[in-house]
Amino acid sequence: MRNAFVHALEDLAARDSRVMLLTGDLGFTVLERFAERFPDRFVNVGVAEQNMVGLATGLAEAGFVPFVYSIGTFASLRPYEFIRNGPLLHMLPVRVVGVGAGLDYGHNGVTHYSLEDIAVMRAQPDMTVVAPADAAQAIAALRATATITGPIYFRIGKADLPVPGLDGRFELGRLQVLAAGADVALLALGSAASEAAQARELLAARGISAALAVVSSVQPAPIDDLVELLEDLPLAVTVESHYRTGGLGSLTAEVIAESALSCRLVRQAVEVMPRGSTGSLSSLNDAHGLSARSIASRVEGELLREPSREAASGWQEPARALARGETV
Amino acid sequence: MCATQADQAGLAQDVPSGGARDATVAASKALDFQGRPPAGVLSGQIRRTILEQSKRAGVGHIGSALSIADLLAVLFGGALRVPDVEDPERDRLVLSKGHAALALYAALHATGWLSSEALASFCTDGSPIATHPEHVVRGVDFSTGSLGQGLSYAVGAALAARIQNSPRRAFALLSDAECNEGATWEAAMFAAHHKLGNMIAIVDVNGQQALGYTCDVLDLSPMSERWTAFGWDAHDVDGHDLETLGQVLDGLPVSGRPQVVLARTIFGKGVSYMENTIAWHYLPMSDLQYEMALSELEDGTA
């Protein structure tokens with residue numbers, strides 16, 4: 001997704017001479033081509049993310065559209081106050097590109113996991129927050145937001161596999177429904193869509209009908225779409241490689257509460273700070289309940305607790321088996 | 001507390017001003033600044049406005065504002081190339097020590113860019129004109145208030161000018177205590193590495209910060225050597241000597257290095273009971289104090 005995004009950024013820079021790319025000394029093998037094509041509009045600012053955002057503020061005030069690039073935590077948390085008092089306060093078109101969604105950086109450990117970036121970014125009323133699910137959607141999101149005059153945060157995951165059925169669709173303020181379903185809605189934040197889609201298949205094999213939607217336009221939030229999707233469903237399960245507070249689960253809770261929906265909500269997210277817990281992304285997804293199997297298992301378990309559904313269909317037996325520790 | 005003001009600031013007393021004077025540019029000579037009051041007049045007006053408005057609003061930060069009155073007088077008296085505050089090719093000014101916003105508003109008012117009505121709204125409910133500057137106010141290029149951010153904005157503005165082949169320059173007015181902030185030095189390194197000769201920082205070296213003298217809180221000495229070690233040309237100047245300040249700012253060398261003017265100032269300058277007194281970082285004036293301050297100002301500017 002990174003490469004696709006940066007290549008699309010090259011196209012944008014070729015058309016729009018205001019586009020600049022600043023990096024905090026990261027992006028090996030990803031940024032070189034941009035640097036070669038646009039040497040006057042590429043700056044490696046060094047390992048100094050606060051200054052990078054401050055520079056971008058001064059550049060944007062003079063008419064540039066600077067993209068500032070780093071690993072998600074370093075792009076969002078270290079310069080957070082600069083982002084707030086710079087691009088946000090001045091309403092300037094600075095694009096913060098945070099690479100690595102949630103646990104993506106696996107073996108690099110917790111300093112590299114972006115687990116609260118969505119929470120802190122969507123806390124800012126004027127920040128557009130975008131978390132693409134795959135490469136094609138990242139490109140579409142870049143294009144769809146090119147003319148926004150305020151700042152944008154892009155959460156760019158490392159996953160390269162396309163999400164089936166998404167087909168590069170993106171629209172600000174909308175979610176993308178990948179499949180309809182009658183028993184539960186799975187809502188995936190950006191690149192969590194891949195595991196969520198596989199979880200849906202596992203559930204289907206168990207006779208559970210799950211709707212599946214991708215939320216990549218976090219802010220503006222797809223409020224109307226969420227209401228429409230959830231108003232007739234008993235259960236929504238949000239799936240996100242992010243802490244439980246402040247991300248897609250919280251956003252969905254806000255929509256359910258403020259629209260007075262009867263839909264119950266389960267937030268599948270990272271519950272604890274993963275101290276001393278590193279590994280491959282798949283092992284981390286397993287450990288934090290974000291793999292397809294653990295998502296499916298959680299959904300089944302939660303549906304078992306849904307009294308109105310128990311009487312209505314016959315799927316509860318396999319879910320009970322799963323609750324006893326058997327594999328799905 | 002430290003022995004002398006210069007010691008507090010980590011500056012030697014009698015350092016000659018200016019650097020390599022052989023390669024100077026007659027900075028603002030070619031531009032038309034007709035109608036702009038001279039620095040000597042501006043400085044008195046700025047001080048008076050600071051006293052009047054802070055008294056009316058009942059707010060502090062008076063000493064910090066008085067400290068830079070002369071610096072702003074020289075900048076707005078001609079050192080800044082600002083034919084109009086909405087001219088995109090104007091020099092940019094970042095008041096990085098945002099807590100002295102009243103001095104900036106006073107300068108904008110004295111030069112006619114801020115109306116008396118707008119100035120009179122200082123610290124009234126709903127006004128954008130308050131104790132820290134907001135860019136939504138005409139003549140304010142950048143919003144500040146969180147120390148340590150302004151130099152980065154200015155360096156970005158200087159980089160933009162270079163990429164755009166514009167002769168405009170970027171000024172940042174910092175407090176000395178603001179150099180406690182690590183991000184200030186990130187920006188300093190960047191400007192030097194990229195040889196941004198159009199970047200001019202002015203440090204208001206008054207030797208004081210909110211809770212004490214800088215030498216007691218977090219020692220900044222030797223200030224000049226720190227900046228030169230970071231690749232800047234440093235110019236030590238008496239921050240209340242209008243003539244020398246003007247000469248230094250108009251004669252900054254074109255060295256390919258960013259320029260920093262270390263302006264030795266007196267906190268609360270012009271009001272005797274405020275000068276070099278920590279408490280006047282925050283205190284508002286009583287009626288009696290206000291009368292005393294005004295009369296001292298009259299005497300000083302008579």
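Is the crossing of helix 3 of chain A and helix 7 of chain B left-handed or right-handed? The crossing is right-handed, where handedness is left if the near helix is turned anticlockwise from the far one by less than a right angle, and right if clockwise. The model is predicted, with local features requiring pLDDT of at least 70 and side-chain atom pairs counted only at pLDDT 80 or more, while totals for chains, interfaces and linings use all residues. Residues are numbered from 1 along each chain as its sequence is written, and chains are lettered from A and ligands numbered from 1 in the order in which they are written.

The meeting of the two chains is a good place to begin. Here, 20 residues of chain A are in contact with 19 residues of chain B, two residues being in contact if their C-beta atoms, placed from the backbone, lie within 7 Å. On the side of chain A that touches chain B, helix 3 (49–61) and helix 5 (80–90) of chain A each supply at least two residues; helices (H or I, at least four residues) and strands (E, at least two) are DSSP runs, numbered from the N terminus. Helix 3 of chain A gives the most to this side, with nine residues. The residues on this side of chain A divide into nine nonpolar, eight polar and three charged, with Ala, Val, Leu, Ile, Met, Phe, Trp, Tyr, Cys and Pro counted as nonpolar, Asp, Glu, Lys and Arg as charged, and the others, Gly among them, as polar.

Within this interface, helix 3 of chain A and helix 7 (residues 150–163) of chain B pack at an angle of about 50 degrees, with their axes 6 Å apart. Axes are lines fitted to C-alpha atoms, for helices over the stretch in contact, and angles run from 0 to 180 degrees between N-to-C directions. That angle makes helix 3 of chain A oblique to helix 7 of chain B; angles under 35 degrees count as roughly parallel, over 145 as roughly antiparallel, 65 to 115 as roughly perpendicular and the rest as oblique. Among the residues making the contact are G54(A), L55(A) and G58(A) of helix 3 of chain A, and Y153(B), G156(B) and A157(B) of helix 7 of chain B. By class, this helix pair brings together nine nonpolar, seven polar and one charged residues.

Chain A itself is divided into domain 1 (2–156) and domain 2 (176–323), with bounds from an automatic or database domain assignment. The C-alpha centres of the two domains of chain A lie 28 Å apart. Across the boundary, 25 residues of domain 1 of chain A are in contact with 26 residues of domain 2 of chain A. Helix 6 (117–122), strand 5 (128–130) and helix 7 (135–144) of chain A are the elements giving two or more residues to the domain 1 side. That side has 14 nonpolar, six polar and five charged residues.

Another helix pair is found in chain A, where helix 8 (residues 193–205) and helix 12 (residues 292–304) pack at an angle of about 55 degrees, with axes 8 Å apart. Helix 8 of chain A is therefore oblique to helix 12 of chain A, and their crossing is right-handed. The residues in contact include A199(A) and L202(A) from helix 8 of chain A and I295(A) and V299(A) from helix 12 of chain A. This contact has eight nonpolar, one polar and two charged residues.

Turning to chain B, its secondary structure comes to twelve helices and seven strands. Buried residues make up 53% of its 302 residues; a residue is buried if 20 or more other C-beta atoms lie within 10 Å of its own, exposed if 12 or fewer, and partly exposed in between, with C-beta atoms placed from the backbone. In helix 5 (residues 101–110) of chain B, ten of the ten residues are buried. Their cover includes helix 2 (39–57), helix 4 (69–79) and strand 1 (92–95) of chain B. Just after helix 5 of chain B, G112(B) takes a positive phi of about 90 degrees.

Finally, T265(B) is found in the loop between strand 7 (259–264) and helix 12 (287–301) of chain B. T265(B) counts as buried because it has 28 C-beta neighbours inside 10 Å. Beyond four places away in sequence, T265(B) touches S67(B), D204(B), V205(B), N206(B), G239(B) and H240(B).
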